[in-house]
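Let's take a walk through this structure together, starting with a single residue and working outwards. Keep the 3D view open as you read.

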Amino acid sequence: MTTRRRRDEYTPPPTRRQQIVSAGLAVFSSSGFHGGSLRDVAERVGMSQAGLLHHFPSKKHLLQAVLTWRDDEARRQLGEPFPDGLDLIRRLVARPVTPPARELVQLHVKVSAEGVSVDHPIHGYVFERHASAIRTVSQAFERAVADGELRNDVDCAAAARTLIALMDGLQVQWLLHPDEADIEGDLRRCLESLLAADLQAPARRALAAPRHGRKPTER
Amino acid sequence: MTTAAKTRGEYAKTPERRQQIVDAAVEVFSAAGYRKGSLRDVADKVGISQAGLLHHFPSKEHLLEAVLSWRDDTARRLIGEPFPEGVDLLRALVKVAEYNASTPELVELHVIVTAEGTSEDHPRRDYFVARSAWLIGLVRQAFERAAAEGQLRAEVDCASAARTLLALMDGLQIQWLLNRDQVDMAADLRRYLQPLLTVEL
C-alpha cells in the first residue's frame with residue numbers, strides 16, 4: 001500500500017512513551033494488571049523503574065495509557081466517519097481476529113475479567129467501557145430499525161447485550177482453541193437468527209479496505 | 001484415628017483432607033473474592049499450616065482449579081446424572097445460569113481464573129482447554145440430538161450453536177457481574193435459544 005510506505009518513511013522513531021506503552025501491552029496482556037509489574041515493563045524497554053515512573057506515575061496510569069491506545073486503535077479500525085446502523089454491526093462482526101492480534105485479545109480478556117471486581121483499580125474503566133459498547137451497539141440497532149433494515153419487534157438493548165457478551169465469550173474460546181474457532185461465522189449466525197436479518201452481502205463491501213491493528217511503536 | 005495417621009497429621013494425603021481444603025477454599029474465595037482470598041485463610045480455616053496446605057495444592061492456581069472443579073460438580077448435580085439429552089440439556093444449562101445468579105463470588109472467580117487460564121504460559125492451561133473442549137462437545141451433541149428429533153430448525157449449524165451458547169454464558173457472566181440489576185443471564189440465553197428451536201424451550 002503506497003500511502004502506508006510513504007508514511008512509514010517519514011514517521012519519526014517511536015518516542016520513549018510509545019515504547020513504554022507497547023511494552024505495557026506485552027506485559028499486561030500476558031500477566032494481567034495484578035500479575036504484571038512495572039519492573040517487567042522497565043526491563044523490556046531497557047530503562048530503570050525510576051525512569052519509567054517519570055513517564056507514568058503508577059501502574060494504573062500505564063494500564064490506562066495502554067487501554068486508551070487500544071480503544072483509539074479499535075475506533076480507527078471501524079473507520080471514519082464512525083459507521084452507524086447495520087453498517088456498524090457488520091463491521092464489528094467482520095473485524096478480523098488474527099494471530100497478530102493475540103496480545104490485544106489477551107489484554108481485553110484479562111482486563112475485563114479482573115475489572116469485574118468492584119475493588120479493582122480499573123473497575124470504573126471496565127464498567128464504563130462495557131456500558132458504552134452496549135449503548136453504541138444498541139443505538140446502531142435502533143437506527144437500523146428506524147431505517148427499516150430491521151424488523152421493529154427487535155429488542156435492541158437485549159440484542160446489544162447479546163452481541164457484546166458473545167464477542168467477549170468467543171474471544172476466550174479463540175484463545176483456548178484458535179484452530180477451531182470461527183468468530184465471524186458464529187457472530188453472524190447468532191445475529192441473523194436473533195434479528196431475522198441477512199448480514200452477509202453488504203459486509204463484503206464494508207470490508208473493502210480492512211485496517212489491521214498496529215502496535216504503538218509502529219506509528 | 002490410629003497413631004500412625006495422627007503422626008502424619010496435616011500431611012496425610014487423604015481424599016477427606018483434600019475435600020476439607022477445597023470446601024474451605026470455596027468458603028474463603030466465595031466470601032473474599034479472587035484477589036483477597038489467600039492460601040493462609042484457607043489453611044487457617046482447615047486448621048493446618050500453610051506448608052501442610054501446599055503439600056496438597058502446590059500453588060494458588062492449583063487450589064483455584066480445584067474450586068472450579070467443585071463448581072462444575074455442583075452444576076453437574078444440578079443438571080442430574082446421567083445428563084439429559086437434546087433440548088432437555090439446553091434447558092438444564094439455562095437453569096445452571098439461573099442458579100449461578102445466586103453465587104456471584106464464584107461467578108467472579110470463574111471469570112477471572114478462566115481468563116488467566118487462556119495464557120499460553122499458564123501452568124494449567126491444558127485443564128482450561130480440555131474443559132472448554134468437553135463442554136463444546138457436550139452441547140454440540142445436545143443440538144445434534146435435538147436436530148435428529150426434529151426439534152431444531154433445519155438451518156442451524158450445531159457446532160456453531162454450541163460454541164455460541166457457551167460463549168454467551170461466559171460473556172453474560174461478565175455483564176451480569178458489572179450490572180446485576182439489569183442483566184438476566186437466563187432470559188438472554190432463552191432469547192438466543194428459542195429461535196433455533198421448533199419446540200418451546
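A:F56 is buried: 20 other C-beta atoms lie within 10 Å of its own, and the cut-off for calling a residue buried is 20 or more, so A:F56 makes the grade. Keep in mind that what you're looking at is a predicted model. To find A:F56, look in the loop between α4 (49-55) and α5 (59-78) of chain A. Leaving aside residues up to four places away in sequence, A:F56 touches A:I20, A:H61, A:L62 and A:A65. The partner A:I20 is worth a click, since A:F56 and A:I20 are 36 residues apart along the chain, yet their C-alpha atoms are separated by 9.1 Å.

Now for another residue of chain A. Is A:A23 buried or exposed? A:A23 counts as buried, because it has 23 C-beta neighbours inside 10 Å. You'll find A:A23 in helix α2 of chain A. Again not counting residues up to four places away in sequence, A:A23 touches A:V41, A:R44 and A:V45. You can also pick out A:D40, which sits 17 residues from A:A23 along the chain, with 8.6 Å between the two C-alpha atoms.

Time to zoom out to the whole of chain A. Chain A has eleven helices and zero strands, so its pattern, read along the sequence, is just α-α-α-α-α-α-α-α-α-α-α. Of the 219 residues in chain A, 36% count as buried. If you take the contacts in chain A between residues at least 6 apart in sequence, 66% of them join residues at least 24 apart.

Next, let chain B into the picture. How many residues of chain A are in contact with chain B? There are 35 of them, and they meet 36 residues of chain B. On the chain A side, the elements that give two or more residues are α2 (16-35), α7 (102-114), α8 (123-146), α9 (156-176) and α10 (183-195). The largest share of that side comes from α9(A), with 14 residues. Sort the chain A side by class and you get 15 nonpolar, 13 polar and seven charged residues.

One good spot to see the two chains meet is B:L168. Not counting residues up to four places away in sequence, B:L168 touches A:T162, A:A165, A:L166 and A:G169 from chain A, as well as B:L189 and B:Y192 from chain B. B:L168 also turns up in the largest nonpolar core, which has 104 residues. The members that touch the most other members of this core are A:L166, B:A25, B:V42, B:V67 and B:L168. In soluble globular proteins, nonpolar side chains tend to be buried together.

What about chain B taken alone? Chain B has ten helices and zero strands, and from the N terminus on its elements run α-α-α-α-α-α-α-α-α-α. Its C-alpha trace spans about 65 × 35 × 30 Å along the principal axes. Chain B has 201 residues, and buried ones make up 36% of them. For contacts in chain B between residues at least 6 apart in sequence, 60% join residues at least 24 apart.

Inside chain B, try looking at helix α2 (residues 15-36) and helix α5 (residues 60-79). Their axes are 9 Å apart and the helices pack at an angle of about 90°, so α2(B) and α5(B) are roughly perpendicular to each other. Which residues make the contact? From α2(B) come B:V22, B:A25, B:V26 and B:F29, and from α5(B) come B:L63, B:A66, B:V67 and B:W70. By class, this contact of α2(B) with α5(B) has eight nonpolar, no polar and no charged residues. Two of the names may ring a bell: B:A25 and B:V67 were on the list of core members that touch the most others.

Last, step back to the domains. The domain assignment of chain B gives domain 1 (10-58) and domain 2 (80-201). The C-alpha centres of these two domains of chain B lie 29 Å apart. Where domain 1 and domain 2 of chain B touch, five residues come from domain 1 and five from domain 2. On the domain 1 side, that makes three nonpolar, two polar and no charged residues.

Technical notes
Residues numbered from 1 in each chain as written. Chains lettered and ligands numbered in written order. Predicted model: local features only at pLDDT ≥ 70, side-chain atom pairs only at ≥ 80, totals over all residues. Helix = DSSP H or I, 4+ residues; strand = E, 2+ residues; numbered from the N terminus. Buried ≥ 20, exposed ≤ 12 C-beta atoms within 10 Å, placed from the backbone. Contact = placed C-beta atoms within 7 Å. Nonpolar A, V, L, I, M, F, W, Y, C, P; charged D, E, K, R; others polar. Axes fitted to C-alpha atoms, helices over the stretch in contact; angles between N-to-C directions. Parallel < 35°, antiparallel > 145°, perpendicular 65-115°, else oblique. Core = buried A, V, L, I, M, F, W, Y, C linked by C-beta atoms within 7 Å. Domains from an automatic or database assignment.
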